[in-house]
Amino acid sequence: MIKVEGLTKVYDSDIRAVNDISFTIPKGKIACIIGTSGCGKTTTLKMINRLIEPSEGKIWIDDKECHEMDAVHWRRRIGYVIQKAGLLPHLTVRENIELLAKIIKRPKRERLKRSNELLEMIDLDPSEFATRYPIELSGGQQQRVGIARALMEDPPVLLMDEPFGALDPITRNTMHEEVLHLNSKLGKTFVIVTHDMEEAFKLGDEILLMDKGEIVQKGSKEDFINHPKNDFVEAFVTQQLNRDNL
Ligand SMILES: Nc1ncnc2c1ncn2[C@@H]1O[C@H](COP(=O)(O)OP(=O)(O)OP(=O)(O)O)[C@@H](O)[C@H]1O
Ligand SMILES: [Mg+2]
């Protein structure tokens, strides 16, 4: 379970990047955050992962409030897929995937077994890709390595910042199926940021539509289609439905 209450981030310049948002995602559910560029999606994920400190508000994962734990232990329960993959350029694909496992001194053989499993999962042959550097991969391949890295330590919570943006429709579909599998079989809780309402409708048990740092509407696909809260929400949904009918 992830619970956020009154979460706010004010930057020095007085920008309220995130302004008093609250939501709860039950264990084993997928929430999709969608909204226009600059509406505060990445800032929200970074606060949940404690990469940046909230100006106000509280965050719980299960029964623990974030300030009850040090940031390192807090982050160990969270896999974070950074927007644009964020791989370290001087490390190989395998070293990127195994980074956290190495820091916490997981034995080499275990690491190797797990990173091979993950490379297979993201459909990159370990014998070909494990020793490459990020610059030698396509954007979509880098994105998939970013997903594998987040899964390395098998965390119960996954935060993903536009993880499927650079993928072609077929690969994106495969990765969607993988997320749904991890979610239904292993009960992992996801927060996925997307620009794509179709993706949000497909994956999200709960959809959070943000604008200017605030949540405009939250609910299921049916709520959004049948009861859009205002013209802004309706425009998002209509645009999507029109695309579906093309
Ligand atoms: N370090 C910072 N200092 C000041 N303002 C910032 C900082 N980081 C982000 N912002 C501002 O906060 C707002 C929210 O940014 P954020 O990165 O959360 O947007 P986003 O919804 O993820 O957008 P995108 O869809 O383009 O990735 C933006 O107006 C951005 O310019
Ligand atoms: Mg962002």
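**Figure 1. Overall fold of the chain, with eleven helices and ten strands.** The radius of gyration is 18 Å, close to the 18 Å that the globule rule gives for 246 residues, so the chain is as compact as a globular protein of that length. The model shown is predicted. Along its principal axes, the C-alpha trace spans about 55 × 50 × 35 Å. Of the 246 residues, 49% count as buried. The close-ups below start at the two ligands and then turn to single residues elsewhere in the chain.

**Figure 2. The magnesium ion (ligand 2) and its protein donors, Thr42 and Gln83.** Thr42 offers OG1 and Gln83 offers OE1. These donor atoms lie 2.0 to 2.4 Å from the ion. The pair brings together distant parts of the chain, 41 residues apart. Threonine 42 belongs to helix H1, residues 41-48. Glutamine 83 sits in the loop between strand S6 (78-81) and helix H3 (93-97). Threonine 42 has a relative accessible area of 22%; it counts as partly exposed because this value falls between the 20% limit for buried and the 50% limit for exposed. Glutamine 83 is also partly exposed, at 29% relative accessibility.

**Figure 3. The shell of 13 residues around ligand 1.** The closest residues are Ser37, Gly38, Lys41, Thr42 and Thr43. Helix H1 supplies the largest share of the shell, three residues. By class, the shell has seven polar, four nonpolar and two charged residues. Thr42 thus appears in two views: it is among the closest residues to ligand 1, and it is a donor to the magnesium ion.

**Figure 4. Polar contacts of ligand 1 with glycine 40, threonine 43 and histidine 195.** Each contact is made to an oxygen atom of the ligand. Glycine 40 takes part through a backbone N or O atom, at 3.0 Å. Threonine 43 uses a polar side-chain atom, at 2.5 Å. Histidine 195 places a side-chain N or O atom at 3.2 Å. On its own, ligand 1 has 640 Å² of accessible area, and the protein covers 63% of that.

**Figure 5. Helix H1, a mostly covered element.** Six of the eight residues of H1 are buried. These are Lys41, Thr43, Thr44, Leu45, Met47 and Ile48. Two of these buried residues, Lys41 and Thr43, are also among the closest residues to ligand 1. After the helix comes arginine 50, with a positive phi near 60 degrees.

**Figure 6. Isoleucine 59 of strand S4 and methionine 47.** Strand S4 covers residues 56-61. Isoleucine 59 is buried, with a relative accessible area of 1%. Methionine 47 is one of the buried residues of H1. The two residues are twelve apart in sequence. In space, they are 8.5 Å apart, C-alpha to C-alpha.

**Figure 7. A side-chain contact from asparagine 183 to lysine 188.** Asparagine 183 lies in helix H8, residues 169-186. Its side chain reaches the backbone oxygen of lysine 188 at 2.9 Å. Asparagine 183 is buried, with a relative accessible area of 11%.

**Figure 8. Arginine 114 in helix H5, viewed with leucine 151.** Helix H5 runs over residues 108-121. Arginine 114 is partly exposed, with a relative accessible area of 22%. Leucine 151 is 37 residues away along the chain. The C-alpha atoms of the pair are separated by 9.6 Å.

**Figure 9. Two loop residues with positive phi, lysine 105 and glutamate 162.** Most residues other than glycine have a negative phi. Phi of lysine 105 is near 60 degrees. Lysine 105 lies in the loop between helix H4 (99-103) and H5. It is exposed, with a relative accessible area of 71%. Phi of glutamate 162 is near 50 degrees. Glutamate 162 lies in the loop between strand S7 (157-161) and H8. At a relative accessible area of 18%, glutamate 162 is buried, because the limit is 20%.

Methods: Residues are numbered from 1 along each chain as its sequence is written. Chains are lettered from A and ligands numbered from 1 in the order in which they are written. This is a predicted model: local features need pLDDT of at least 70, side-chain atom pairs count only at pLDDT 80 or more; totals for chains, interfaces and linings use all residues. Side-chain values use heavy atoms; hydrogens and water are left out. Donors are N, O and S atoms within 2.8 Å of the metal (3.2 Å for Na, K and Ca); water is not among the atoms, so sites may look incomplete. Helices (H or I, at least four residues) and strands (E, at least two) are DSSP runs, numbered from the N terminus. Buried means under 20% relative accessible area, exposed over 50%, partly exposed in between (1.4 Å probe, protein chains only). A residue is near a molecule or strand if one of its heavy atoms lies within 4 Å of it. A polar contact is a pair of N or O atoms within 3.5 Å; within protein, one must be able to donate a hydrogen and the other to accept it, and residues adjacent in sequence count only if both atoms are side-chain atoms. Accessible areas come from the Shrake-Rupley method with a 1.4 Å probe; for residues, only the protein chains shown count as cover. Ala, Val, Leu, Ile, Met, Phe, Trp, Tyr, Cys and Pro count as nonpolar, Asp, Glu, Lys and Arg as charged, and the others, Gly among them, as polar. The radius of gyration is taken over C-alpha atoms; the globule rule is 2.2 Å times the number of residues to the power 0.38.
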